[in-house]
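The following exercises introduce a protein structure, moving from the whole chain to a single residue. Please study the sequence and the model before reading each solution.

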Amino acid sequence: MTNENKKIMVTKSSLPGLEEYIDEISDLWDTYWITNMGEKHKKLERELEKFLNIKNLTLFSNGHLALESVIESFGISGEVITTPFTFASTAHAIVRNGLTPVFCDINPDDYTLDVNKIKELITSKTSAIVPVHVYGNVCDVIGIKEIADKYNLKIIYDAAHSFGVTVDGVGIGNFGDASIFSFHATKVFNTIEGGAVTYGEDSLKQSLNNIKNFGITGPETVSEIGGNAKMNEFQAAMGLCNLRHIDSEISKRKKLANRYISNLSEVQGLKLQKQKPGVKSNYAYFPIIFDGFKRNRDEVFEKLRTQNIYSRKYFYPLVSDFDCYRDEYNSDETPVAKYVSERVLTLPLYADLPLEDVDRICEIIIKMGCKE
Ligand SMILES: *Cc1c(COP(=O)(O)O)cnc(C)c1O
């Protein structure tokens, strides 16, 4: 295949060597214990607590059910302030708990919740804030905590994008009352499908385990109306393998992201995301904003596609513009989110993307911005 015919997708799942995975799963043929919080599940919970530098972690079958379950565990009602610039899961998890999402606008630099716009959305019905560390960019965790403390609100971070991110050495999962992570195939760290809740309060553990396993608390006792959101042993085994390589995966991503930055940062009309000081990034995504560029976002998206390069309009449309929400919401009320969503493109980024491909992608984009 020539360079031009090779497909470059926006992401590519990290997989361990086949031998390594087979080695990891082989003892499942001794025990026949393949799900229901087996040995690998237990081991992965412990190892992730260590790696993410957090007190408690409970695994789930996916990130969405982790979020739905932790919201449920707080037994809250009424309204929840969140962002429309996110994946469908964030708002859906709120609604599927019988709560009402209230969409708050975002910052133009890092696309996380604009803390100055939260207060005006708080009513007597507000019970929680669900901010998203978009692309692994860290929310204003201090500003959000101040507001939550003042109005007695729970904070549940959607940290689906931020596996391994630290702030001044503190693991990202330590902020708020709880955080959720996604270990979906497309995320920086994957267990094929999977997710987790991290939290400081020990008493949450029992509640989360009940929700994820039918409320079963003993051989003959069912004490809650829980669902089923358990991670199985094959998923946990994938996690144990992928965790061994995560540092090198992230450092490969870093090299690629830095190449994008050095190629694109001086280009007229392109805006790159800003990192807060003290943040160790996981280089999960490489979003660029077309703002005053000669061509618009959709034109660049199409041009790349003709070259077999698949970028992603992530996040477009805004959640508040989805068919299932747009009758209830007006996305004009979050103008920054709307602006960003109409102009953002995330470029291909995954650990074994060749540097030459990054250069080629940048070249195509830069050429489109040149005057003819
Ligand atoms: C991926 C993702 C989720 C959901 O995670 P799954 O593991 O796919 O269920 C939630 N929120 C955000 C922001 C995500 O990107």
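**Exercise 1.** Determine how many helices and strands the protein chain has, and judge its compactness from the radius of gyration.

*Solution.* The model is a predicted one. Step one: the secondary structure consists of twelve helices and 15 strands. Step two: the radius of gyration is 21 Å, close to the 21 Å that the globule rule gives for 372 residues, so the protein chain is as compact as a globular protein of that length. Step three: along the principal axes, the C-alpha atoms fill a box of roughly 75 × 55 × 40 Å.

**Exercise 2.** State what share of the residues is buried, and what share of the contacts with a separation of 6 or more joins residues 24 or more positions apart.

*Solution.* Step one: of the 372 residues, 53% are buried. Step two: among contacts with a separation of 6 or more, 70% are between residues 24 or more positions apart. Step three: the accessible surface comes to about 17100 Å², and carbon and sulfur atoms contribute 51% of that area.

**Exercise 3.** Describe the surroundings of threonine 90: is this residue buried or exposed, and which residues does it touch?

*Solution.* Step one: threonine 90 is located in helix α5, which spans residues 88-95. Step two: buried means under 20% relative accessible area; threonine 90 has 0% relative accessibility and therefore counts as buried. Step three: leaving aside residues up to four places away in sequence, threonine 90 touches Leu67, Thr82, Val130, Val132 and Asp158. Step four: with aspartate 158, threonine 90 forms a side-chain polar contact of 2.9 Å.

Methods
Residues numbered from 1 in each chain as written. Predicted model: local features only at pLDDT ≥ 70, side-chain atom pairs only at ≥ 80, totals over all residues. Heavy atoms only, no water. Helix = DSSP H or I, 4+ residues; strand = E, 2+ residues; numbered from the N terminus. Rg over C-alpha atoms; globule rule 2.2 N^0.38 Å. Buried < 20%, exposed > 50% of the residue type's maximum accessible area, 1.4 Å probe, protein only. Contact = heavy atoms within 4.5 Å. Areas by Shrake-Rupley, 256 points an atom, 1.4 Å probe, with all protein chains shown as cover. Polar contact = N/O pair within 3.5 Å; in protein donor to acceptor, adjacent residues only side chain to side chain.
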